[in-house]
Amino acid sequence: MNTSSSRGTVTTTQRKIPPMCQHQPACPTSDSADRDAARLVAHHPEQGWSLLCNGVLLFEDTGELLPDGQIIAPHRVGLTMTVA
Ligand SMILES: [Zn+2]
């Protein structure tokens, strides 16, 4: 089944990402290996995610959602999380 265009109506409402990173030094891009070293531009610990300057959504389990929709599995396995 080819439903690749089933959700083609993309609304450009939510994310306000500046066209260029304005930090010094510049943040790693979303396709860089150290992408999660970018600055936080939004932090929602109560929801368990943060938005990085390069558009990457970083989840508290270290999973990531890239701006192009690619999903990165959590990679810090063995990390002891303190669940209050
Ligand atoms: Zn930046």
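Two strands count as paired here if DSSP finds at least two bridges between them. With that in mind, the centrepiece of this predicted model is an open sheet of five strands in the order 1-2-3-4-5, with antiparallel pairing. Strand 1 (40–44) and strand 5 are the edge strands, each pairing on one side only.

Let's place that sheet in the chain as a whole. The protein chain has zero helices and five strands, and reading along the sequence gives the pattern β-β-β-β-β. The mean pLDDT of the chain is 81, with 67% of its residues at 70 or more. Among the elements, the mean pLDDT goes from 92 in strand 5 (residues 71–72), the lowest, up to 96 in strand 2 (residues 49–52), the highest. Of the 84 residues in the chain, 12% are buried. As for contacts between residues at least 6 apart in sequence, 20% of them join residues at least 24 apart.

Now walk through the sheet from one edge. Strand 1 runs antiparallel to strand 2, and four bridges join the two. Along this pairing, His44 has Trp49 as its bridge partner in strand 2, while His43 stands opposite Ser50. The two strands form a hairpin with four residues between them, and in the turn Gly48 has a positive phi of about 80°. Is strand 1 buried or in the open? It lies largely in the open, because the number of buried residues among its five is zero.

The next step along the sheet brings a second hairpin. Strand 2 and strand 3 pair in the antiparallel sense over three bridges. Trwo residues to look for here are Trp49 and its bridge partner in strand 3, Phe59. Trp49 therefore has a bridge partner on either side, since His44 pairs with Trp49 and Trp49 pairs with Phe59, under the bridge-based definition of pairing. Strands 2 and 3 also have four residues between them in their hairpin, where Gly55 in the turn has a positive phi of about 90°.

From strand 3 (residues 57–59) the sheet continues to strand 4 (residues 64–65), and these two pair in the antiparallel sense over two bridges. Leu57 finds its bridge partner in strand 4 at Leu65. In the loop between strand 3 and strand 4 sits Thr62, a residue with a positive phi of about 75° although it is not a glycine. Most residues other than glycine have a negative phi, and most peptide bonds are trans. Thr62 has 15 other C-beta atoms within 10 Å, so it counts as partly exposed.

The second half of that general remark has its own counterpart in the chain. The peptide bond from Gln24 to Pro25 is cis, with omega near -5°. To find it, look in the segment before strand 1, where Pro25 is placed.

What is packed inside? The largest nonpolar core is made up of six residues: Cys27, Ala38, Leu52, Cys53, Val56 and Leu58. Leu52 is a good one to follow. Leaving aside residues up to four places away in sequence, Leu52 touches Asp36, Ala38, Arg39, Leu40, Val41 and Leu58. Two of those partners, Ala38 and Leu58, are also members of the core.

The loop between strand 4 and strand 5 is the last stop, and two of its residues are worth a visit. One of them is Leu66. Leu66 is partly exposed, because 15 other C-beta atoms lie within 10 Å, and a residue needs 20 or more to be buried. Beyond residues up to four places away in sequence, Leu66 touches Ser30, Val56 and Ile72; of these, Val56 belongs to the largest nonpolar core. Leu66 and the core residue Leu52 are 14 residues apart in sequence, and their C-alpha atoms are 9.9 Å apart in space.

The other residue is Asp68, in that loop between strand 4 and strand 5. Which is it, buried or exposed? Asp68 counts as exposed, because it has 8 C-beta neighbours inside 10 Å. From C-alpha to C-alpha, Asp68 and Val56 are 9.1 Å apart, with 12 residues separating them in sequence.

How values were computed
Residues numbered from 1 in each chain as written. Predicted model: local features only at pLDDT ≥ 70, side-chain atom pairs only at ≥ 80, totals over all residues. pLDDT = per-residue confidence, 0-100. Contact = placed C-beta atoms within 7 Å. Core = buried A, V, L, I, M, F, W, Y, C linked by C-beta atoms within 7 Å.
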